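Here is a short report on backbone geometry and packing in one model. Please keep the sequence and the 3D view at hand.

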Amino acid sequence: MTAVQPARFPRPALPGRRSGASARRTHVRDGSRGDTRDTTDALVRGPAVLSYYVVGGATLLLLAIGVVMVLSASSITSIRETGTPYGYFLDQAKFALVGVPAMVVASRIPVRWYRRLAWPALGLGLVLQSLILSPLARGEKGNTNWIYIPGLGQTIQPSEFLKLALAVWLGLVLARKAHLLHRPMHVLVPGLVVSAVALGLVLAGHDLGTALVVAAVVAGAMFVAGVPLRWFGAAVVAGAGLVSFLVIGSDNRMQRIMAVFGGDCDTSAACYQTLHGLYGLGTGGISGVGLGASREKWAYLPEAHNDYIFAILGEELGLLGTLLVLGLFTALAVGMFRIVRRHPDPFVKITTGAVAAWILGQALINIGVVIGFLPVIGVPLPLVSAGGSALIATLLAMGVVLAFARDEPGAAEALRARRGAVRRSLAVVVGGRGRG
């Protein structure tokens, strides 16, 4: 991930360029804005649409794995609660059928429109998040994360959409202030002030896990924007102090911390979930016990289809299944980092960096919890765990990143050329059949 230098709006670095070598200039037309950008062979070297296909392919594969694993992991719980093994699966499939078209639409929106939508999206996100303080709020297990939508009979988790709105807004603001980010006041106002408001609203619902992910969004945007690294040290110290204060003030959170870092832990209480998550991963071995054959999902492992779905995946598909999921998240990282390196627009770079910090950071937190490296925090595995708001918001975010990938130098032309080749091939096939 390459930071944007604060002194100016630079072109990306030209990786692999040899000293003394002359770079030929290439004019690339941006179809979404109608202008011509002057770039170099080093910038467009390699497949221009590689980022687009890597991000899109990894997203769809993770979604497919997630829908299948939700069906498997939730079947027993669903029978107990709804009388059918398909209850949670049908909900997840419904949300996927909403989220995938939304991702496709988001991927076709020109970049300039995301700049225009940044402020309205942030305002809407903050308003929705503030509704957790209203009578519409709904809570579970001590967290007030959801709001009820009258008339639809549906609840949503507004903090999931706030992550995306904040990422796009930070991209806009920090790109405009790129030459001023060496001054603390320009980093503080409005970027950190508005981010603190968003974090405060999330913490008002006692959702520390989501607050940590929102903080990762802010950190990712600031890093790519080129905020001096020494300020991150101060931010880490301040954040650690705040988290310590919130943990000490909650017996439940202290129990979770001690379950991982304490010397002695009750395996029937605080350590129960972590222990059974490890049982699931250990039972799977190399190739797993078989899809649908998990033992832990028989009411032994709480949240088997949600926060702990990675443990069920490891039990049923084994080490090979977990490595596949890790490989797909790695592919997502490569695709998004490639956009950050190649795209000439600071707004695109910063927003993509923020989304990458969100998706990858949340995945690392979830997996760290399942393997017992982190205390139980309660964040889902992106694109895999059950959950409507999280799935739709993540697919929307991937749609925004795909729109940025389509706007890379040379990508629009390559996509048009490939569509033209497909149409010509289909015309030959259809014409040949007609003559036969």
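Helix α5 passes helix α12 in a right-handed crossing; a crossing is right-handed if the near helix is turned clockwise from the far one by less than a right angle, and left-handed if anticlockwise. Helices here are DSSP runs of H or I with at least four residues, strands are runs of E with at least two, and both are numbered from the N terminus. The axes of α5 (residues 158-176) and α12 come within 7 Å and cross at roughly 150°. That makes α5 roughly antiparallel to α12; the label applies to angles over 145 degrees, while under 35 counts as roughly parallel, 65 to 115 as roughly perpendicular and the rest as oblique. Axes are lines fitted to C-alpha atoms, for helices over the stretch in contact, and angles run from 0 to 180 degrees between N-to-C directions.

Residues of α5 in the contact include L164, A167, V168 and G171. From α12, the contributors include F347, I350, A354 and W358. Contact means heavy atoms within 4.5 Å. By class, the contact of α5 with α12 has 13 nonpolar, three polar and two charged residues. Ala, Val, Leu, Ile, Met, Phe, Trp, Tyr, Cys and Pro count as nonpolar, Asp, Glu, Lys and Arg as charged, and the others, Gly among them, as polar.

The model is predicted: local features need pLDDT of at least 70, side-chain atom pairs count only at pLDDT 80 or more, and totals for chains, interfaces and linings use all residues. Residues are numbered from 1 along each chain as its sequence is written, and side-chain values use heavy atoms, with hydrogens and water left out.

Next, the sheet. An open sheet of three strands has the order β3-β4-β5, with antiparallel pairing; two strands pair if DSSP finds at least two bridges between them. β3 (137-140) and β5 (154-156) stand at the edges with a single partner strand each, so one side of each has no neighbour in the sheet. Neighbouring strands of this sheet are turned by 45° against each other on average, direction ignored. Three bridges join β3 to β4 (residues 143-149). A137 has I147 of β4 as its bridge partner, and R138 has W146. β3 and β4 form a hairpin with two residues between them.

Now the backbone. Most residues other than glycine have a negative phi, and most peptide bonds are trans. Which residues have a positive phi? The table lists three.

| Residue | Place | Phi |
|---|---|---|
| K141 | turn of the β3-β4 hairpin | about 55° |
| H206 | loop between α6 and α7 (208-225) | near 65° |
| L383 | loop between α12 (346-370) and α13 (388-406) | near 70° |

H206 counts as partly exposed, at 45% relative accessibility. L383 is buried, with a relative accessible area of 4%. Buried means under 20% relative accessible area, exposed over 50%, and partly exposed in between (1.4 Å probe, protein chains only). The peptide bond from V189 to P190 is cis, with omega near -5°. P190 lies in helix α6 (residues 184-204).

Last, a residue in helix α11 (residues 309-342): L313. Is L313 buried or exposed? L313 is buried, at 1% relative accessible area. Leaving aside neighbours within four places in sequence, L313 contacts I65, M69, G318, G321, T322 and V325. G280 is 33 residues from L313 in sequence and 8.5 Å away in space, C-alpha to C-alpha.
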